[in-house]
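Subject: Structure handover and notes

Hello,

Here is the structure I said I would pass on. Please open it alongside the notes that follow.

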Amino acid sequence: MTQTTPYYTPQGGLPGQTELLTDRAIVTEAYTVIPRGVLRDIVTSNLPGWEKTRLWVLARPIEGFATTFAQYVMEVSPGGGSDQGEDEETVQSVVFVTEGTLVLTLAGVEHVLEPGGYAYLAAGERWALHNRSDAKAAFQWIRKVYEPIPGHTATSFVTREQDVEPRAMPDTDGVWVTTRFVDPDDLAHDMHVNIVTFQPGGSIPFAETHIMEHGLYVLEGKAVYRLNGDWVEVQEGDFMWLRAFCPQACYAGGPKPFRYLLYKDVNRQIKLDRRR
């Protein structure tokens, strides 16, 4: 597979004083939509241990909504980065580069990550990430507490979207494909971060209603999404945040493919005894 179009990355800035404030941002009990137009300079933050870096927080655990993951847009200026990317021993991560060039140091080995670069970083792994170029770089960072189980251990790896063959969903003639970076049947992994692609006119033809929470960052294109009974327009750079059992479906529109980075929690028993 060859990546022929860029991945959308927020650029910040601030709207002019003459612009209307009307936008598509919405927060409900079942879902949240954060459109790209609200990802501005004044809502960024800094992180301890990260130099010359700012971030937009797209998702964090909220009791009564979605509780399993956090997701950020990270922007690293030249010379910036971190010598210790993750400071919580129990947290696993996925890093997906959307702009620029970053150098990931993992187990003493350096990996150059360019747009489409993907790294799964296991819980307890020490890793560093730096921008050694003369242009800014950006990446999606998804974090989740790892739930270990006997006989299975997730291990770190580095790849690229361009090197992973998408798989067509059954009976779709290739208009709906998923790029899976880990085997869905591998119980070592309790989260999947995939890329879903619809060709124009492709759809999810039923209202998916399931236990998995979702973070969906739109990389390219536009679509109309059905979320808990509401029709919502989304485009590249938008983020959708879905709690468990939020009904969801979509129609892809426009001249380009509709593509998004998808988080979901998987492969673990439901914990009922909260004392354990």
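The notes below go from the whole chain to single residues.

This is a predicted model, in which local features need pLDDT of at least 70 and side-chain atom pairs count only at pLDDT 80 or more, while totals for chains, interfaces and linings use all residues. Residues are numbered from 1 along each chain as its sequence is written, and side-chain values use heavy atoms, with hydrogens and water left out.

Overall build

The protein has 21 strands and zero helices. Both are DSSP runs numbered from the N terminus: helices are H or I with at least four residues, strands are E with at least two. The radius of gyration is 18 Å, which agrees with the value near 19 Å for a compact globule of 276 residues. That radius is taken over C-alpha atoms, and the globule rule is 2.2 Å times the number of residues to the power 0.38. Along the principal axes, the C-alpha atoms fill a box of roughly 50 × 45 × 40 Å.

Buried residues make up 48% of the 276. Here buried means under 20% relative accessible area, exposed means over 50%, and partly exposed is in between, with a 1.4 Å probe and protein chains only. The accessible surface is about 13700 Å², and carbon and sulfur atoms account for 52% of that surface. These areas come from the Shrake-Rupley method with a 1.4 Å probe; for residues, only the protein chains shown count as cover.

Of the contacts between residues at least 6 apart in sequence, 71% join residues at least 24 apart. A contact means heavy atoms within 4.5 Å.

There are 36 negative and 25 positive side chains, and the centres of the two sets are 3 Å apart. Lys and Arg count as positive, Asp and Glu as negative, with His and the chain ends not counted. Each charge is placed at NZ of Lys, CZ of Arg, CG of Asp or CD of Glu.

Aromatic pairs

The search of the whole structure gave 19 aromatic pairs. One of them is Phe-65 with Trp-241, an edge-to-face pair at 5.0 Å centre to centre and 85 degrees between the planes. The two residues are 176 apart along the chain: Phe-65 is in the loop between strand S3 (51-59) and strand S4 (69-82), and Trp-241 is in strand S19 (residues 239-242). Phe-65 is buried at 11% relative accessible area, and Trp-241 is buried at 7%.

Trp-231 and Tyr-251 form a tilted pair, because their ring centres are 6.0 Å apart and their planes are at 35 degrees. Trp-231 is in strand S18 (residues 230-235) and Tyr-251 in strand S20 (residues 248-253), so this pair ties together parts 20 residues apart in sequence. Tyr-251 is partly exposed, at 49%.

Ring pairs also link Trp-50, Tyr-72, Trp-127, Phe-139 and Trp-141 into a cluster. For pairing, rings of Phe, Tyr and Trp (its six-membered ring) need centres within 6.5 Å; planes under 30 degrees apart are stacked, over 60 edge-to-face, and the rest tilted.

Single residues

Thr-32 belongs to strand S2 (residues 31-34) and is buried at 6% relative accessibility. Residues up to four places away in sequence aside, Thr-32 touches Ile-26, Val-27, Phe-65, Phe-239, Met-240 and Trp-241. Both rings of the edge-to-face pair, Phe-65 and Trp-241, are in that list.

Phe-245 sits in the loop between S19 and S20 and is partly exposed, at 49%. Neighbours within four places in sequence aside, Phe-245 is in contact with Thr-209, His-210 and Ile-211. From Phe-245 to His-214 the C-alpha distance is 10.0 Å, with their positions 31 residues apart in sequence.

Arg-167 is in strand S12. With neighbours within four places again set aside, its contacts are Trp-176, Val-177, Thr-178, Arg-180 and Pro-184.

Which residues other than glycine have a positive phi? Asp-171, with phi near 60 degrees, and Asn-228, at about 50 degrees, are among them. Asp-171 is in the loop between strand S12 (167-168) and strand S13 (176-179) and is exposed, at 82%. Asn-228 is in the loop between strand S17 (222-227) and S18 and is partly exposed, at 41%.

Regards
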